[in-house]
Each structure stands twice: as structure tokens, then as C-alpha cells.
Amino acid sequence: MEWLDEYEKLVIRMNTPRVVIDNAVCPTATVVQIDSARKTGVLLEAVQVLADLDLSINKAYVSSDGRWFMDVFHVTDRLGRKLTDDSVISYIEQSLGTWNGPARPPALEGLTALELTGADRTGLISEVFAVLADMDCGVVEARAWTHRGRLGCIVFLRDDDAGGERIGRIVARLGHLLGGAVAAVPAASVAHAERRLHQLMSADRDELAAASPAETASTPTPAISVESWAERGYSVVTVNCRDRPKLLFDVVCTLTDMDYVVFHGTIDTAAGDQAHQEFYIRHADGSPISSEAERQRVTQCLQDAIDRRSLEGVRLELCTADRPALLSDVTRTFRENGLLVAQAKVSTKGDMASNVFYVTDAAGQTVDQSAIDAVRQRIGMDCLVAKEELRPQLYQKAGPGHRDDGNGGIGGIGLFYLGNFVKRNLVSLGLIKSCS
């Protein structure tokens, strides 16, 4: 029936997110606006797409009205520039415009994932890669974090290196090495490696471990508060801390995995290098946080999620032809020169390896330059370079002739009104001031 076809088309249009990306609205950032029917986890999916592209979210408004939601993000690349690459813009539109979830990299299809957690110690990451090299395992990708004396690691292996009984021997040997939990799962079950790392380390109860003096000294404690707004039935979560890449992802990921829904929120990183995030949340069953124990748990989990990726260290980037035992050789060289790998991101593309390591000395302090030079001499000056971690750039001041329209700029009339609609919704609820 024709009317049924039209109804189905209407349902599809209503449930397909509308994505608008505009470079004219704001003079200092690209504005990404999404509106659609509400869906569980929709905010996390949007933030994940932007975070995976290494984009900085300088400002954002999140608002839902009944079964509808509207999110507006002001984003730049890591150098503080607007988005101009058509392929990046197209990827954002396609990924956010379907809600089928961000596409998995084809390189991870058909792989086996090893999930590891355990007590960290000097050189442990090196020992893990040494075991894998000794068992002739080909590592395609890996992520490793250390936090409060605990290690969380996900390693993706080629299936032909981890098939049948062989994977059982790999798991047993790594389990003996770590003295912790080791599991082998299909890579398809790991929807997002960094989200999974948060889950693994939270389940490992890394928040119960005491922070080392080095971690306490190098990482200021985030200011997190959880208050009740009984009149509206919300719990209000406020986060104030130093801004850094993927901060919003880590916070939203944690709230989502704790089964909370963000109904409204404001994010602002324009003042200095500090980030201010405010979320109005309820539990998935519609109830706000109702006990002091739950409030403390949310506060602690958010603090740990922020801290896991906040450890300072020298960023070393390795780009070289991939080969067997490459990771074992590189991390052993780090260990022999007194360097501790605090975080690692391992990637391969074709026959090339592109790896990033954050290293400290054995005490968790800043590495002496002579140690960095020695490591580069042994591994290769051209393929291993030390780079300063790029922090999200601040908004540039607008020119003298710029008129502030309350939405960050001029032009882009359609998006201007839509962005203001979101802000008006937040103002009407008393979530932001009308002059902001």
C-alpha cells in the first residue's frame, strides 16, 4: 500500500540522524551538529567518532527533549585549525548519519584479541611482547595503559598465529607472566579498544590501588562533584580539570558504562587550559543518584577514567618497516636504558609499523634527555623521534570586526538557529545562563 510506504519512509527519516558540518558559523572552529530521535548510547557514539579522528572538542551543548536529541560540537584538529579535509568531513557525516556505529577498521577483521590485566612492574610490557615474539605471534595492533600499579592491555593477533590449541598455550604463558587475568576473544567482540581498556581496568579495580608519589605529583586531581537537582529529577555531574585529548570521550564512556544517560550537558574549554564539563544525568531506569555510596562511586570512577590517560611522559613515535619481534626489540631497548612504558599505542598498515609510546624513568619521573638520545641511537634516529604531546589549542580571539552572535560566529543561518534552539532549551531548564 502506498500510504504504508510513505509511513515507512517517514519513520526512516525520523530515525536517521541529521548531520550538519559548518565552517562559516564560528571563526575559530568547525561546528558539527547532530539531531535525531534519541537512542541509547548515541552521545558516546558521536564523541567516539570525533575522538578517534584526534579532534579537539572545544565547546559543546548536549540537549534532549523527550525522545529527541540535539548535540552541537565545536571542533578543531590537534593544531587548533578548522576541518578542511573533505575526506575527514565526509567520514564524520557518514559515521554520524547512520548510527550503525563507527565502522571497524578492515585490518582488524578476522583477528584474535588478547585482553590482559595484572599488577604492573618495571619492564612488564616488554616481557609481554617478548613472550609473543618467542611464540611467533604477529601483533597487528595493541593498546596498553598503566595506572596505579596496574596494567591493562589489548593485543590483536593474526588468526593464523592464534588458532586452535596454540592460543591456549599463549594464554597460559601470559597468565603465568602476569599473575593476572588473560583472555582470548574474537576481535569482533571488542567494539572499541580504548573503551574496552576502561572496562578492563575498572573491573580490575585499579581505583583501589594507591597512587604512586610520581603519579600524585605529575597529575593534578580532577575536581569532580555530583549534586542532586531534585526539582527536575536529575543528578548534576561537574568535572573541572586540565584539558587534554579525548577527555570528553573518557568521561562520557565512563558514565555510559555505569548505565547512566546524559540528558543535557555543556562543555567548555575556552578559558585557559582548563576544561569545564557539566552533565545532567539519570540512571537508565530514569532515577537519579540516590545514595552517598553511589555518589562516591561515580566520583571515583570518573577520576580514575581521567587519570588513566593523564600520566605525563615523553612521547616517542616509531615509524619503520614492520618485522617479527619488532615490539620485543624496541621495548627491550627501552628497558635496558631505564625507560618505563606508561602507555603504548601500536598500529600496523601494510608492511609499516606506526607506534606511539609514552615513557618515564623507572620512578615515573621525567626521562633524562641522555637516555632518550641513547635509545634513538640504538633504534634509529630517523625512525624513532621524541615529540611533545599536543594539547588542544585555545580559541583564537575574533577580529575587531567580528560580531558575536551567541553561537560562536556569523553566517550559517540555518545552523545558527538550530544551535540557538539547543541553547534556549538549556536556558529554559536553568542549565546555563541566558547570556552565555
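**Entry 1: helix α3 and its sheet.** I looked up what α3 rests on in this predicted model. I found that α3 lies across β1 and β2 (30–37), and that its course runs at about 160° to β1. I then traced the sheet to which these strands belong: it is open, has 8 strands, and follows the order β1-β2-β4-β3-β11-β12-β10-β9 with antiparallel pairing. At its edges I noted β1 (18–22) and β9 (223–229), each of which pairs on one side only. From one strand to the next, the twist averages 20°.

**Entry 2: a strand pair and helix α8.** Within this sheet I examined strand β10 (residues 234–242) and strand β12 (residues 274–283), which pair in the antiparallel sense over 8 bridges. I located V236 and found it opposite Y280 in β12. I also recorded that α8 lies across β3 (56–65), β4 (68–76), β10, β11 (260–268) and β12, and runs at about 15° to β12.

**Entry 3: helices α2 and α3.** I returned to α3 (residues 86–96) and considered helix α2 (residues 42–52); their axes come within 10 Å and cross at roughly 160°. I therefore entered α2 as roughly antiparallel to α3. The crossing in which α2 passes α3 is right-handed. On the α2 side I listed E45, A46, V49 and L50, which meet Y91, I92, S95 and L96 in α3. Sorted by class, this contact has 6 nonpolar residues, 1 polar and 1 charged.

**Entry 4: a further sheet.** I traced an open sheet in which 8 antiparallel strands take the order β8-β5-β7-β6-β14-β15-β13-β16. β8 (181–186) and β16 (384–387) each have a single partner strand, so one side of each is left without a neighbour in the sheet. The strand-to-strand twist averages 20° here. I counted 9 bridges in the antiparallel pair of β5 (residues 111–119) and β7 (residues 150–158); L114 has V155 in β7 as its bridge partner. Helix α6 (residues 193–203) packs on this sheet and touches β5, β6 (139–147) and β7, with its direction at about 140° to that of β7. Helix α11 (residues 369–379) also packs on the sheet, touching β13 (314–321), β14 (339–349), β15 (352–361) and β16, and its direction makes about 155° with that of β16.

**Entry 5: confidence.** I noted an average pLDDT of 84 for the protein, with 78% of the residues scoring at least 70. Confidence is highest in helix α8 (residues 247–257), at a mean of 97, and lowest in helix α12 (residues 413–428), at 48. Over residues 393–419 pLDDT stays under 50, and the model has 58 contacts beyond four places in sequence for this stretch.

Terms used. Residues are numbered from 1 along each chain as its sequence is written. This is a predicted model: local features need pLDDT of at least 70, side-chain atom pairs count only at pLDDT 80 or more; totals for chains, interfaces and linings use all residues. Side-chain values use heavy atoms; hydrogens and water are left out. Axes are lines fitted to C-alpha atoms, for helices over the stretch in contact, and angles run from 0 to 180 degrees between N-to-C directions. Helices (H or I, at least four residues) and strands (E, at least two) are DSSP runs, numbered from the N terminus. Angles under 35 degrees count as roughly parallel, over 145 as roughly antiparallel, 65 to 115 as roughly perpendicular and the rest as oblique. A crossing is left-handed if the near helix is turned anticlockwise from the far one by less than a right angle, and right-handed if clockwise. Contact means heavy atoms within 4.5 Å. Ala, Val, Leu, Ile, Met, Phe, Trp, Tyr, Cys and Pro count as nonpolar, Asp, Glu, Lys and Arg as charged, and the others, Gly among them, as polar. pLDDT is the predictor's confidence in each residue, from 0 to 100. Two strands pair if DSSP finds at least two bridges between them.
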